[in-house]
Amino acid sequence: MILETDSSDNVNNFWYAQDGKRLEDLSFFRESEGKKFVLNAKEFGIKNQAKIMNNKKDGIEKFMAMTGLKLQNDGIMKYRRKLKNIMTYNPEAKIQQFIKESVLEEKKININKLKEAKESIEEITKSFTILEKEIRELDAILKAFDDYKRICSRLTKDDIKRVYKDLLANQKEKENSIKEMKEHCREIEMLAKRIDQELLEKEKKDKELRKALQHYDQMDATKAIREEKEKLDILGNEMKELSEKEKEIKILFKQIKQFMETIKLAMKPLNVSDLDDPSAARKEVDSLRETVKHLFEQNAVEINRLKGSLKQMEEEKIVVDQVIKTCERNLPDYSKVPNQYGLLNEINNKFKSLGIQSEAKFSSAYVVELKDEEWRNSIETFLGWHRYSVLVEPEYFDIADQVMDRSRYKYVELVNTKLLSRKEPKIVEDSLLNKLVIKNKIAHTYFAYWLGRIHAVEKKNVSVHENAISKEGKISRNMAVSFLNFNKIGSYCLGEDAVLLNKERALKEKKELEEEEVRIRENIYLQQRRKMAIDNMFQALNKQYDFEAPVKMKEKQEQIEICKASIQKLEDALKNNNEYMALVERIAEIESSLVILNQSIEKNKKRKIQLEQKNDSLKIGIEQLTKSIEEKNGRIDAFSIDYLSEFREAKKEYDLFLAKERESGDVLVPSSRERAEREKSSCEKDIIQKQSNYNMGKYQEEELPVDFQSEEVYRKRKNRLQVDDFEDIKQKLAIRTKQYENIFKNEFVLKIKTNIEDAHADIKEINRQLRKLQFSTTYQFDVRNVSGTTDYAKILDYAEYLKKNNQIGNLQGTLEGMNDFDEKEAIKQEEEIKKIINKIVAKEHNNELVDFSDYRNYMEYEVIVNNEEIKNGRLSKLAGYNSGAGTQIPYTIILSAALAMIYNARQNSTRMVFIDEPFEKMSDKNIKIMLNFFKSQSFQVIFCAPPNKLDSIGKECAAVIPIKKISKSNMTVGWVEFNE
């Protein structure tokens, strides 16, 4: 073989074969111009007519044949290793290392299948985990639906009870009305008979009166009196009408006075004395009517405004209550930044799905504390929305950026930490940044970007700088000075005290809202009372009044007095006429009877009319009650169809309550009803929130509805995941786990056990060969499998367990096939070995993985020494073992024995041995022993030794070739002379 170095300092080898030739028959040099040059490979082949082999393999096989070994493939590799072991073994190596490195072959086990199976299981497990998380989210949504249905059921039962209660009340009222109507009918019938009798009596009296009056009219003296009395009756009726009109005006004036006092209207009140000028009074009333109309419009606007304010107040209270609840859970308030929070969740969901341990956070989350609380308002107001900027680790920014591109939350600030990590913002000495304690480097850089150049100074010095802020909120920027509006803060979020501050702020805000709510309700009550007063006044002013009535009454009163005086004068003239006086008394008696009779008839008629009117009202009421009962029966029927379970429970509870067989069962009191309504509203918000969170990070086509009617959709989704996807993944996981275990059994345990058995066979053969050697000291390997509680020992025990139960090589082997192993112990062993498997595969970046796959680590080694002085001694316990002096002879003999196994199997082989720097720590006596040993084995030994070994081994060698190394690429051949 010729080694040739090219211009790139690469070494190429060329193999040649020459049958029947010796080295002295070959030419290795050429001469040119009196100089000798070494032949290159091509020149060598041409000059010596040597046949070049096609490749290195052919050359080695040819060499094996020529040396009498006739080895091929694995045999050649094994032979080369044994030659190399003698050349390269470390005499200072311990027995374990020596046997591993120089005696037993390295046999690599391919654990890629095991890794791939493990990775497949991890991937399936990841899918399993994601699926479990989705199922938990669906369970939470369905539980929210259950809570929602529970409170809706409670409210439905209350609705049913209310309708049922009203139905029973209507039925009772209708029954009572029918009973009362019947009683009225009986009384009306009795009154009708009484009125008929009285009318007959009246008719009789009327005839008597007409007859008496006829007789009275026939008297000449009574005609003038009758005419005056008729006139007096007319004047009396007119006076009565005018008196009623005057009374209405007085009542109006009294109402006006009370109205002006109630609403504190700055107008002069009207008095009865004002009626002396009717036109002026009418004008005052008309003016007041316009004023009241204007007040009515103002009042309506004010009531609507107050109700709007009250509604807004209630909505603000709900928000504040939510903030308080959030703070009580020791969480920051993100209610005012739903978009930022949505993007944050989407990014973190993506990170989890990719197995990324990092987490996206708001920039404010990295602020541990504010060094001076007096600066909080200024800093938080200045930063504003930037407090909620989303930060991720720079290496994950691209992933977060892609999430944002697909997200619905596109108007949120995602910090480009990739660029930011390469920035070094300027920070002034008195920077506002120094007021914060920030725990993250990239977050510190971000806040430095915003606050680093801002000077934190006193208010009087703000205008000195281009960029400065004071704790009072005075700010200098963009060549202008202004003040920050602290009302825009919204909520605090910087530092660990932010949650407590937000809660205190929210409690204070809630108290202020409650106080404001009380004030608004009081105002609404006052405005409603004012509205009633205005309504009544407006109705009173819209009636028709006769403001001339008082003047006319005075005139009529004078006429009445004149008429009475005239009648008195005429009657005084007839007092001495006995016939007249008797007739007058008779007429007075009949008239008196008629008055009593008319009063009775009028009373009975009035009572009859009242009863008839009551019956008419009762009849209308009964009709209305009948309609109401029909309507409520319809609602009850609808409830019994739509909510049968709630209907039965509600009816039973209310019937028992009415029967006083249970204390509860009535309709909810207003406060409980309001509380239930609030709970329902809270459940609705919870459902919407959980549905929205579930849809976060999903593509639009994968999203489920966000409403209160989609429970079945979410239930079907969960069932499909559990029945189809969950079971499918579970089955895949079981199959892959089984495959994983079988790969471990057959690709790992089996090969380890096979290699160990082969090693024991090799050691046994080496020991047999060592026993054949004629040497003063004999050496034997003592090799045993490891035992105890180590992982190596457990794997060997497991291999033995599998072998005894015929599970090695059998993919269907299970624990059921065991005969010699206790079932509980076998299950425990299976669990232990699974832990070891996972530990082995998990160490893919650790040297221990290589150790576990090396069968040589599963055995313990010792060399037993016997001679005249030592009986079954252990080499590791002998003197010189640790220095290497006591191991060189046995190690060389052992390796030679291993090599002799190959030579002895083939006759006429060259029995070559190559030894590099031989007998380094050996005495001359031991060197002689070793040389005699090599001769006894007929070895052709080729030594490569330094010059100081020539005295001890040179004379024993058939040929000595001295080589002098001038430089790395320049050596020369010399000669040696031995002197006696």
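The following questions and answers concern a predicted model of one protein chain.

Visitor: What should be known about the numbering and the model before reading on?
Guide: Residues are numbered from 1 along each chain as its sequence is written, and side-chain values use heavy atoms, with hydrogens and water left out. The model is predicted: local features need pLDDT of at least 70, side-chain atom pairs count only at pLDDT 80 or more, and totals for chains, interfaces and linings use all residues.

Visitor: How many helices and strands are there in the protein chain?
Guide: Helices (H or I, at least four residues) and strands (E, at least two) are DSSP runs, numbered from the N terminus. On that basis, the protein chain has 24 helices and 21 strands.

Visitor: Is the protein chain a compact globule or more spread out, and what is its radius of gyration?
Guide: The globule rule (2.2 Å times the number of residues to the power 0.38, with the radius taken over C-alpha atoms) is the reference. For 980 residues the rule gives 30 Å, and the chain is well over this, so it is more spread out than a compact globule; its radius of gyration is 60 Å. Along the principal axes, the C-alpha atoms fill a box of roughly 210 × 85 × 55 Å.

Visitor: Which helices do the buried residues of α10 pack against?
Guide: Buried means under 20% relative accessible area, with a 1.4 Å probe and protein chains only. In α10 (residues 397-406) the buried residues are Phe397, Ala400, Val403 and Met404. Seen down the helix axis, they fall within an arc of 120° (from the directions from the axis to the C-beta atoms), so they line one face of the helix. These residues pack against α8 (338-353) and α11 (417-420).

Visitor: Which residues is Ala117 in contact with, leaving aside its neighbours within four places in sequence?
Guide: Ala117 lies in helix α5 (residues 112-217) and is buried, with a relative accessible area of 2%. Phe744 is 627 residues away in sequence, yet its C-alpha is 9.7 Å from that of Ala117. With contact meaning heavy atoms within 4.5 Å, the partners of Ala117 are Arg736, Tyr740 and Ile743.

Visitor: Which residues does Thr777 touch, not counting residues up to four places away in sequence?
Guide: Thr777 is in the loop between α18 (711-772) and β15 (778-785), and is buried at a relative accessible area of 13%. Its C-alpha is separated by 7.9 Å from that of Glu868, 91 residues apart along the chain. The residues that Thr777 touches are Val865, Asn866 and Asn867.

Key. Buried means under 20% relative accessible area, exposed over 50%, partly exposed in between (1.4 Å probe, protein chains only).
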